[in-house]
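Here's a casual walk through one model, with an eye on how its helices pack and which residues sit inside or outside. Take a look at the sequence and the structure first.

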Amino acid sequence: LAALAMAAKDEHAVTLDGVQIEIAGNIAKVKEAEKLVAMGGEAVGLLRSEFLYQDQASAPSEDEQEQAYRQVLTTLGERPLVVRTLDVGGDKPLSYLPLPKEDNPFLGERGIRVGLDKPAVLRQQIRALLKAANAGRLRIMFPMVASLFELKLAKQVLREEAEKLAIDISSIEIGIMIEVPSAAVMADVLAEHVDFFSIGTNDLTQYTLAIDRGHPKLAAIADGLHPAVLRLIDMTTKAAHAKGKWVGVCGGLAGEKDAVPILVGLGIDELSVSVPSIPQVKYQVRQLSQQACKQVAAKAMACADAKDVRHLMRDENTLLA
Ligand code: PEP
Ligand code: MG
């Protein structure tokens with residue numbers, strides 16, 4: 001199976017009934033872009049920019065950042081690149097950007113909240129992105145957006161920096177992570193202000209089930225296939241599509257065998273997975289029909305809990321395989 005998947009890695013992932021799903025990869029370092037291209041990745045669905053300079057003691061300069069983005073865009077050629085602006089806080093400390101100690105860091109200064117609180121850092125990153133944009137197909141994404149006002153502030157920063165640099169941003173897609181339940185519930189409102197959503201199932205699961213994603217005892221039951229999470233994904237996708245916007249999934253669920261048929265059934269347009277999983281996920285999508293997957297997704301959303309969904313998928317996967 002792995003050999004078959006590898007042999008077809010450069011072909012698109014089109015379902016039996018003709019629906020093409022973009023299969024992208026998640027990267028954290030410049031070098032991984034080459035690997036992604038070699039594995040048949042059609043885009044970078046998530047560049048976790050907080051990891052680019054993770055090991056450095058001091059902050060990267062604007063030029064350094066620009067060069068990194070430019071290099072990834074050049075490697076990708078025609079393939080789009082989603083860069084997520086710095087997502088620090090919670091489980092992701094950054095040595096050169098110390099944050100105050102908090103009792104509940106996952107519920108505190110994280111993601112875009114840090115960016116808005118330290119606008120100089122966000123502005124610098126955005127300038128670097130804008131200056132690199134002409135090297136390829138850039139998409140900019142903001143993390144951990146919980147409310148429209150945060151998105152509006154972030155977009156304002158983007159517009160202001162673009163104006164100062166006299167860079168036309170009309171060809172740059174702007175999106176947000178959907179990883180907080182409030183954002184999923186309000187997706188219809190948020191969709192009017194973005195070009196795309198990317199669903200972060202790791203955090204969305206954590207915040208929906210109120211289980212710390214790294215909890216030594218509980219993390220194992222924080223299952224993204226919980227019907228509550230699936231219903232939020234469904235809500236998000238329907239709201240986005242109603243406004244003509246596309247939706248990706250870049251959390252761990254996107255690369256899970258049990259989850260792929262459900263996500264395809266929910267109408268997800270792009271799956272962004274770990275680079276080594278790209279050929280396998282493409283292969284799996286080619287065996288599916290979206291019509292059949294829609295029924296599977298409906299059944300999954302009607303389940304009482306994640307365990308029932310896992311059972312369902314054990315049966316369905318044998319049917320679908
Ligand atoms: C997620 O939360 O699902 C996600 C993709 O972001 P990260 O894992 O980097 O928090
Ligand atoms: Mg996240």
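G175 is found in strand β6. This is a predicted model, so read every value below as computed from predicted coordinates. Is G175 buried or exposed? With 24 other C-beta atoms within 10 Å, G175 is buried, since 20 or more such neighbours is the cut-off for that label. If you skip residues up to four places away in sequence, G175 touches V82, R139, M141, V194, D195, F196, F197 and S198. For a longer-range distance, G175 and H241 are 66 residues apart along the chain, and their C-alpha atoms are separated by 14 Å.

Strand β6 (173–178) also turns up in the surroundings of helix α9, as part of what covers the buried residues of that helix. The rest of that cover includes α7 (181–185), β7 (196–199), α10 and β8 (246–249). How many of the nine residues of α9 are buried? Seven of them are, so α9 is largely enclosed by the rest of the structure. The buried ones are T201, D203, L204, T205, Q206, Y207 and T208.

D203 is worth a pause, as a charged residue that lies in helix α9. D203 has 24 C-beta neighbours inside 10 Å, so it counts as buried. Which residues does D203 touch, not counting those up to four places away in sequence? They are E179 and R213. D203 and R213 sit ten residues apart in sequence, with 7.2 Å between their C-alpha atoms.

Right after α9 comes A210, with a positive phi near 55°. A210 belongs to the loop between α9 and α10. Unlike the buried stretch of α9, A210 is exposed, with 9 other C-beta atoms within 10 Å. There is a second case of this kind: A166, in the loop between α6 and β6, also has a phi near 55°, a positive value in a residue other than glycine. A166 is exposed as well, with 7 other C-beta atoms within 10 Å.

Now for the helix pairs. Here are three crossings side by side.

| Helix pair | Axes come within | Crossing angle |
|---|---|---|
| α9 (residues 201–209) and α10 (residues 227–242) | 10 Å | roughly 120° |
| α5 (residues 119–132) and α6 (residues 148–165) | 9 Å | roughly 55° |
| α3 (residues 62–76) and α5 | 8 Å | roughly 40° |

Take α9 and α10. Why do they count as oblique? Their axes cross at roughly 120°, and angles of 65 to 115 degrees count as roughly perpendicular while those over 145 count as roughly antiparallel, so this one falls with the rest, as oblique. The crossing of α9 with α10 is right-handed. On the α9 side, the contact uses T201, L204, T205 and T208, which meet A228, V229 and L232 in α10. By class, that contact has four nonpolar, three polar and no charged residues.

Helices α5 and α6 are oblique to each other too, and their crossing is right-handed. From α5, the residues P119, L122, R123, I126, R127, L130 and K131 meet V157, L158, E161, A162 and L165 in α6. This contact holds eight nonpolar, no polar and four charged residues.

Helix α5 also packs against α3, again in an oblique arrangement and with a right-handed crossing. The α3 residues in the contact are E62, Q65, E66, Y69, R70 and L73, while α5 brings Q124, Q125, R127, A128, L129, K131 and A132. They divide into five nonpolar, three polar and five charged. Two α5 residues, R127 and K131, appear both in this list and in the contact with α6.

L129 leads on to the core. Which of the 86 residues in the largest nonpolar core touch the most other members? They are V44, L129, I176, L263 and L271. V44 makes a good sample of that set: leaving aside neighbours within four places in sequence, V44 is in contact with A24, G25, I27, A33, L36, V72, L76, L81 and V82. V82 is also one of the residues that G175 touches, which brings us back to where we started.

Terms used
Residues numbered from 1 in each chain as written. Chains lettered and ligands numbered in written order. Predicted model: local features only at pLDDT ≥ 70, side-chain atom pairs only at ≥ 80, totals over all residues. Axes fitted to C-alpha atoms, helices over the stretch in contact; angles between N-to-C directions. Helix = DSSP H or I, 4+ residues; strand = E, 2+ residues; numbered from the N terminus. Left-handed = near helix turned anticlockwise from the far one by under 90°. Contact = placed C-beta atoms within 7 Å. Core = buried A, V, L, I, M, F, W, Y, C linked by C-beta atoms within 7 Å. Buried ≥ 20, exposed ≤ 12 C-beta atoms within 10 Å, placed from the backbone. Parallel < 35°, antiparallel > 145°, perpendicular 65-115°, else oblique.
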